[in-house]
Amino acid sequence: MRNGNLLNGIVNLSYLKDLVAATKTLSLTLKSFTYNGFEVKGSVTIKRSRVNKIGKPQANVVSKFNGVWPDESTASISAYRSREWIEGYVSGLGLQFFLIMVYATYMNKLESVFQKVNMVPLRRVWSCRFLVSGILSITRNNARTTVDYGDGSCDSNKILTTPNGNPKR
């Protein structure tokens with residue numbers, strides 16, 4: 001690459017549009033792929049449904065990757081994210097709300113485990129650049145921190161509660 005990084009291997013992309021089910025699926029899979037001698041294995045799939053089980057648009061992303069260094073040490077990540085358009089999708093007028101669900105686990109080379117998961121679904125308003133409500137739990141080796149995104153107001157205010165229970169704004 002122009003910046004001096006060396007990429008090698010195959011990136012397989014596939015796209016499937018199902019008109020009957022009203023879905024689009026995009027998949028990426030790595031085959032014999034390396035980045036500067038670091039081997040990366042895994043895949044990601046994005047599935048967009050025009051109509052989910054309750055009649056609303058939804059997008060789901062599932063990913064799983066493993067990295068292997070030349071010294072054979074490893075790291076891995078697996079994640080799931082769902083975004084459901086819950087209001088304003090029919091007319092496109094008025095407030096448009098999304099609910100976001102997240103679950104991710106990352107293990108680094110030192111075998112520290114990090115997890116991120118919703119305790120309360122995250123809520124996003126199209127007209128606001130911030131998440132407006134929801135609670136996210138972030139755990140590192142069993143020490144949990146939570147982030148409360150608020151009461152629905154469009155602001156950057158959040159409450160971070162540390163593993164010892166102390167809330168911080």
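This is a short talk about a pocket, a few single residues and some aromatic rings in one protein structure.

Hi everyone, and thanks for coming. One thing to keep in mind from the start: what you see here is a predicted model.

Let's begin with the empty space. Rolling a probe the size of a water molecule over the atoms shows where empty space is left. In our structure, the largest pocket has a volume of about 330 Å³. Which residues sit closest to its centre? They are Arg48, Ser49, Arg50, Pro57 and Gln58, out of 17 residues that line this pocket. If you want to find the walls on your screen, look for five strands: E1 (7–18), E2 (23–35), E3 (38–49), E4 (58–68) and E5 (74–87) each give two or more residues to the lining. Which of them gives the largest share? That is E5, with three residues. As for the chemistry, seven residues of the lining are charged, six are nonpolar and four are polar.

Now let's pick out Ser49 again, one of the residues closest to the pocket centre. Compare its place with that of Asp18, which is found in strand E1. Along the sequence, Asp18 and Ser49 are 31 residues apart, yet in space their C-alpha atoms are 9.6 Å apart. Is Asp18 buried or exposed? The answer lies in between: Asp18 has a relative accessible area of 31%, so it counts as partly exposed.

Our next stop is Ser27, over in strand E2. Why do we call Ser27 buried? Because its relative accessible area is 17%, and the cut-off for buried is under 20%. So who are its neighbours, once we leave aside those within four places in sequence? Ser27 is in contact with Asn12, Leu13, Ser14, Val44 and Thr45. With Thr45 there is something extra to look at: the two side chains make a polar contact, at 3.5 Å.

Last, the aromatic rings. The structure holds four aromatic pairs. One of them joins Tyr106 and Phe114, with 5.9 Å from centre to centre and 40 degrees between the planes. That pair is described as tilted, because the label covers angles that are neither under 30 nor over 60 degrees. Both partners are partly exposed: Tyr106 has a relative accessible area of 33%, and Phe114 comes in at 26%. Elsewhere on the list of rings, Trp85, Phe98 and Trp126 form one aromatic cluster.

That's my tour, so please rotate the model and look for these residues yourselves. Thanks for listening!

Technical notes:
Residues are numbered from 1 along each chain as its sequence is written. This is a predicted model: local features need pLDDT of at least 70, side-chain atom pairs count only at pLDDT 80 or more; totals for chains, interfaces and linings use all residues. Side-chain values use heavy atoms; hydrogens and water are left out. On a 1 Å grid over the protein atoms alone, a cavity is a set of points where a 1.4 Å probe fits but cannot get out, and a pocket is an open set with protein on both sides within 12 Å along at least five of seven lines; lining residues have an atom within 4 Å of a point. Grid points are joined across faces, edges and corners, and a volume is the space filled by probe spheres set on the points. Helices (H or I, at least four residues) and strands (E, at least two) are DSSP runs, numbered from the N terminus. Ala, Val, Leu, Ile, Met, Phe, Trp, Tyr, Cys and Pro count as nonpolar, Asp, Glu, Lys and Arg as charged, and the others, Gly among them, as polar. Buried means under 20% relative accessible area, exposed over 50%, partly exposed in between (1.4 Å probe, protein chains only). A polar contact is a pair of N or O atoms within 3.5 Å; within protein, one must be able to donate a hydrogen and the other to accept it, and residues adjacent in sequence count only if both atoms are side-chain atoms. Contact means heavy atoms within 4.5 Å. Rings of Phe, Tyr and Trp (its six-membered ring) pair if their centres lie within 6.5 Å; planes under 30 degrees apart count as stacked, over 60 as edge-to-face and the rest as tilted.
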